[in-house]
Structures are given as structure tokens and as C-alpha cells.
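These are my notebook entries on one structure. I record below what I looked up, topic by topic.

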Amino acid sequence: MVSLAVQKLYGYAGRILEIDLTSKKATKVETPRELVRNFIGARGFGAKILWDRMKPGTDPLSPESVMVLTWSPLTGTTAQSFHKVYAMFKSPLTGSYFRSTGGGFFAAEAKFAGYDAIVITGRAEKPTYVWIRDDEVEFRDATRMWGTTVDGTVEMIREETEREARVLAIGPGGERLVKIACLVSDDYRTPGRGGSGAVWGAKNLKAIAVRGTKRPELFKPDEFGKLVREQVEVYKKSSLFDPFHRLGTNSIVYSFYTLGHHPTYNFKNTELENVEVWRPEVLEKYVMKHVGCFGCMIACGKKWKLTKGPFAGLYHDFPEYETHWSMGPTCGVTNLEAIQYANMLCDKYGIDTISAGNIVGFVMELYEKGIVTERELDGLRARWGDPDVLVELVRKIALREGVGNILAEGTVRAAEIIGRGAERYAMHSKGLELPAYDPRAAKAHGLSYATSNIGGSHMIGWNKYEILGMPERFDPLAVEGKGELCKRTQDQIAAYEAAGWCAFAELVQTAGYGSVEQTMDWIARALYAATGIEEFRDPRYIWLVGERVYNLERAFNVREGFTRKEDWLPERFLKEPFPRAPAKGQIFELEKLLDDYYAVRGWDLKTGIPTRRKLEELGLKDVADELEKLGKLPA
Amino acid sequence: MKVYVEFLGYAAEKVGRRWIWLEVETGCTLGDLFTKHLGSIVGVELSRALAEAFARRELVVAVNGRTVDSLEHVLEDGDRLLVFPIAAGGA
């Protein structure tokens, strides 16, 4: 066993806060050195703590369910874009391991309060919020704000605590255990996917508010300062910086449509009339203000103002790329004002915009096919493209009103309840509603949808090589070599997410350097200068941690009973050829791609389970032992 | 033969129009399109700057929805080109 070169924990806050809502006890424990060295932080911490603490088969909505909120040794420093809060939990939507992440200021503030992570367990007797002021942790009555939207909750909590408090809260969606409910920050950044809001709702936890006055101490502050200056220069010269700053993810809606990544009409089609409304110069007209997260000069967030139509006067955080798609093309809707209004409802009620829009598209296809009728939809004629139906269904889902009570369970469970072949039109993987990319038009990206440990997520393996052709181009339609490309991307994301970074920032920096290797080398140097931990100096070690985290997450799912058969995509992609250029005639070659991927991963081909050899190679012998004990390890 | 070229973002701003039909010779490459044909309309300097931005991978060119990575790419009659600054999407 290699010992830590430096005993003092530089960069880290040095403590983990454990909150037990049942007993109203807050415990501070020292951040374990082994955890630090083996998992770095953020997603790495979450994966390990969840593996250790969550018994297999635990109901995600039970008091025994554990949620871990984490950030990293670089959070709260001057390094750019390490502002993310990571939420790791067992998802009530998918029954799998889940990692969800959002930006804003909460993570930095929690680090300033002196914590590297918050571990939440138990269930409060009545609605509660937790107020953290440096070392002081209070469990406070949230009865007053229960039933209130996120913005109202933040307002009331700030009245009772401090104006500058940073807040993560649930809205009425989480309270009602809507399976697509999420956590929302005071500035509408959301760890959005997988039902984190329902986990809090089940715990009677309305919010966590935090204020901190400490600052992390760095191992080599001068060296670290130099690295940050290098980062800022690379950002400035990056070709991605300007588009991201000017219009955020909105800059690519129209171009991704052209590239064939943009499914329409519940993935039935890939074409849409009037798609020109998503041209950048049209979207730019709505932008009133640029907003950013803690310590990020990209400031990709935008505030939109609506001046015409039935929603005139609305001023709110803009819809991101995925939200434009989920509320727009997948429902056949091209009314930007209605999309923005539905987006605002999701933010205030606290539900995931991607899943919400995907569910509305699902309902519209069921209505078109005659599987559900106006009567079952509380009198709604769910025709493609109707903006009023979009807004009304989003509201009903968030409040579990009428048919919304069924839809709030997510597409898979809703399809089971509806029956009559509805499951054929549920566009998901492992129960997580699919986002805005067609797997047939980018095979490694599609393979990541199918194999992702959290289900149909675009962020677990966002494939820049295929989608943008950067830093080098891979033919998105080719099948050969896609196992390797998918693994490489998933591992890199897991690695920089263990360092607590933002995916957009990685793209900006990689475009600036022109190489992934240089970006990973910079991360290694920054981690070492911040922490002094010898292993972090070597970028190959950072990659290894990425693969370690990815395999541990996989092991969590294996322990929950997941195997190859859950690495799946809807029949539509496997049998219906893609209808237009550029991917005309393409289907998704699932089985062939899975074989290739498992072989590259060193996982058992038959079951998709990591082998003992692979787990031991990654320093996860204890994980292999436990899987073997449970009879889950392939022979 | 004719090709259709559409511009987005700063490419549209610099060129001053959103789309353009261009009459090009058979065997015309993407490089020829930038230097010869586009140059005669938007000016040689700007068309060269666009070609260089493409070579540095700051501008993406998709031909009929597929990104291309070389100025040697040979165009065909009726091709639809989209020229846009590189950017990325997420939640």
C-alpha cells in the first residue's frame, strides 16, 4: 500500500457531514485518506460512499435510502468551472445507481462551510430543512414552505437564515414523490435527472441551506495560481468559448438538427417543419442577461424575456438545448414561448425538463395511435404540436393531477399502467427517458445510452468525437471501434467528474488545447498543486480513477440485479431505419456493439458483469469479493 | 452544378447572409468552394479566414448533415452545406 506523500489534506475541507433526518443528528467525520486517494472527490466519493452504505434492494424512497452530495478538492478555489454539486443516490425512476449534477453556487458554499460531502439518511417526522452555518447544523421546521415552489421556498429560507445563504430545494414535484422530480438550486441550476427530488420528498427534506466562511488551503498556491492563469488563457483562445458565452447550449439546436441528432415526434421521425425558429440569431433575441456559476468565466446561463404571445412578460432562466428538444421537436411543438413557459414550470415545481418533455411526446404518440383517448387525458386532445397540451401536461405531472398521477411515475411505469401496447412507445433506457440524440445517428453515443449505469443519459458518455468531430473526427455511423470509443469517453467523463468539473468546461478547454491528453494533464497538475497527493500528478492515474469509478457504479447495479439484458434500447432504434440524411437507412446494431464494448471493458460477454480480473486490476478486490459472495461474479 | 450553403452564428454574421446558392464546377472541393466561389461574393480575405477557421476545427462544415474533416472533400450537385461555429449541448 502506497502511503500518502502529504499527511495534511490540502485542497479538501477535511470533513464529511452526515445528516440523519430520523434522529435529527448531524455528525462530522474526518474525510478518509483512502477515499481521497482512491476516488479523488465528487462523483468518485459518491460512488464509493453509496456502494459502502446502501444495502442491495433498498427502496429508494425508504428512510434507509442514502443520498450523497459531493464536490471536489478544486471546488471553491480560483480554478475555473469546478462549481458542480453531484448528487448520488439509488434512483426511484430506474432502480439503479444514479449520479446527477448541477451548477450554481451551492457546492462552493458548502465547501466554505468546511465539508467535502454531505451524506443524507433517515426520514424526518415532519417537513424539515437543514441550515448549515459553518460548524453549526440545525434541523428546522419547513411546514411553512411545504407546498411552495422552489423560488418561494428559497425566499422564505433566506428570510429565516441569511440573505446570502445558498439553497438546494425541492418543489411540489418532489413533495408529491413525482419520480422525475429533482433538486433545484436558488439560481435554478438542477441536478435534474433520475428523481433526486422524490428521494428528498420521501425524507420530508424540503431544502438544505448553507453559508460558509472558510477557504480551502492549497498545497502549492503559487503553482496553482500559474495553472489557473494557463487555464484562463486556454479558455480565451478556445473556439468554443465565444459560442458558449453568447448563447450557451442554445447555439447548437439548429445545427444538431441538421446533423441528424435531433429526434422528432417521440423519436418516430427526425424531421420537423418550422425548425428555423431554433436558429441562433432567433434565440439570441430573447437573451436579456448572461449568468454564470461560481468561478466560471464561460457564464453559459442566460435569462430570457418574453415580450409577446400569451406568456408575454415572463423573465426566467432559459431552456437549455435538451429542454428545447424535449418540450419542442419531440412533441412537434415549435412555439418557443410555450417551451419557455413549460421550462419555467419545471424549474419552479422541481421536475426534470428532459423526462417531462419526453413523457408528453409519449402521450402524444399514444393519442395519435388511439391507445389513449381524450377521456383518459382529462379532456385534453393531445395532438402533436399543441403548445397548450404541453404546458397543461407538464403542470399535471408536477402536481400529480388527474392523468398526471400516472405519468408522474415515468414512461415505463405509465406504459405498464396504460397497457394496450403502450410500452412500445416508451422511449427510455433502464427507465430513464431518453434525451435529444438519436442513437442511430451516432453509434458510440447510442452505445453509451444503452450501457450507461444510470440509464438513458447523454452526459455519461457525451461523444464529442462523433457529434462534433473534436478533437478528432470519428465517423458517427461506423460500428467498428465504437466499444473502445464509448469506453474511452465514459471513463474520461468519470475521471474529470471525480475532480468535480463541468462537462462544458472540459469541452472548452479541450478545444483550446486541441487534445484530450493535454486537458487531462492539466487536471493532474491542478489536482497535485491543490492537494500534494503524489498519485494525482500522473494523468494516467486520473484516467484509472475514472475507470475505477465507472466499474464501481456498474458493480452497484450488478448487486441490484442488473445484467446485460438491461443494457437495452427501444425496438424503434433496432428495427426502424433512420428516415433521412445523414443517417438514412441506419439502425442501431445493439448486440454487436455490446459484444465489442464488453470485450474492451474486460467484462463478461454473456452477463455484462465486470470480471474479477478487471476489478482487481482497478484496485476493487473488495468489490469482487462481495459480488462473489452474492453469487453475482461471472465464473 | 449548384450547391446550397447555409451559415449559422458568427459565420452568418461575418458573411452577412444566412444562405447562398453557388454555381460550381464538377469536381469542386470544399477548399475550392471557400477560396474560389465564396471569395468572389464575400471577399477573398473573409473566405480565406473561414477556410482557416475550418482547418483549425473552429468552424464545422456539414455536407448533407455529415461533418467533413478535409478541404479536399469533393462536392456533388445539390449538396446542402451547413457552416457553423463549433459548440456543444447538454442539459
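I took helices (H or I, at least four residues) and strands (E, at least two) as DSSP runs, numbered from the N terminus. This is a predicted model, in which I required pLDDT of at least 70 for local features and counted side-chain atom pairs only at pLDDT 80 or more, while totals for chains, interfaces and linings use all residues. Residues are numbered from 1 along each chain as its sequence is written, chains are lettered from A and ligands numbered from 1 in the order in which they are written, and side-chain values use heavy atoms, with hydrogens and water left out.

**Entry 1. Cis peptide bonds**

I looked up two bonds that precede proline. The bond from A:Met470 to A:Pro471 is cis, and its omega is near -10°. I located A:Pro471 in the loop of chain A that runs between helix H18 (464-467) and helix H19 (482-498). The bond from A:Ala581 to A:Pro582 is also cis, with omega near 10°. I placed A:Pro582 in the loop between helix H23 (571-575) and helix H24 (590-601) of chain A.

**Entry 2. Positive phi**

I then turned to backbone angles. A:Lys24 is not a glycine, yet its phi is positive, at about 55°. This lysine sits in the chain A loop between strand E1 (15-20) and strand E2 (25-30). For accessibility I used three classes: buried is under 20% relative accessible area, exposed is over 50%, and partly exposed is in between (1.4 Å probe, protein chains only). A:Lys24 has a relative accessible area of 46%, so I entered it as partly exposed.

A:Asn204, a residue other than glycine, likewise has a positive phi, near 60°. I found A:Asn204 in the loop between helix H6 (196-202) and strand E11 (205-211) of chain A. Its relative accessibility is 16%, and therefore A:Asn204 counts as buried.

**Entry 3. Cysteines**

I searched the whole structure for disulfides (pairs of cysteine sulfur atoms within 2.5 Å). The search gave zero over all chains. For A:Cys182, the nearest cysteine sulfur belongs to A:Cys346 and lies 8.0 Å away, and A:Cys182 is in no disulfide. A:Cys182 is buried, at 2% relative accessibility. I also looked up B:Cys28, which is buried with a relative accessible area of 0%.

**Entry 4. Salt bridges**

Side chains of opposite charge can pair when their charged atoms come close. I counted a salt bridge wherever a side-chain nitrogen of Lys or Arg is within 4 Å of a carboxyl oxygen of Asp or Glu. The count by this rule is 82 over all chains.

Which residue forms a salt bridge with A:Arg43? I found A:Glu553, with the closest N and O atoms 2.8 Å apart. A:Arg43 lies in helix H2 (residues 42-53) of chain A and A:Glu553 in helix H22 (residues 539-559) of chain A, so the pair ties together parts that are 510 residues apart in sequence. A:Arg43 is buried at 0% relative accessibility, and A:Glu553 is buried at 1%.

A:Asp567 and A:Arg554 meet in a salt bridge of 2.6 Å, N to O. This pair links the loop between H22 and H23 of chain A, which holds A:Asp567, with helix H22 of chain A, which holds A:Arg554, the two being 13 residues apart. I noted both A:Asp567 and A:Arg554 as buried.

A:Lys369 forms a salt bridge with A:Glu365, their closest N and O atoms being 2.9 Å apart. A:Lys369 is partly exposed at 36% relative accessibility, whereas A:Glu365 is buried at 0%. I traced A:Lys369 and A:Glu365 into a network of salt bridges whose members include A:Lys268, A:Glu368, A:Arg424 and A:Glu571.
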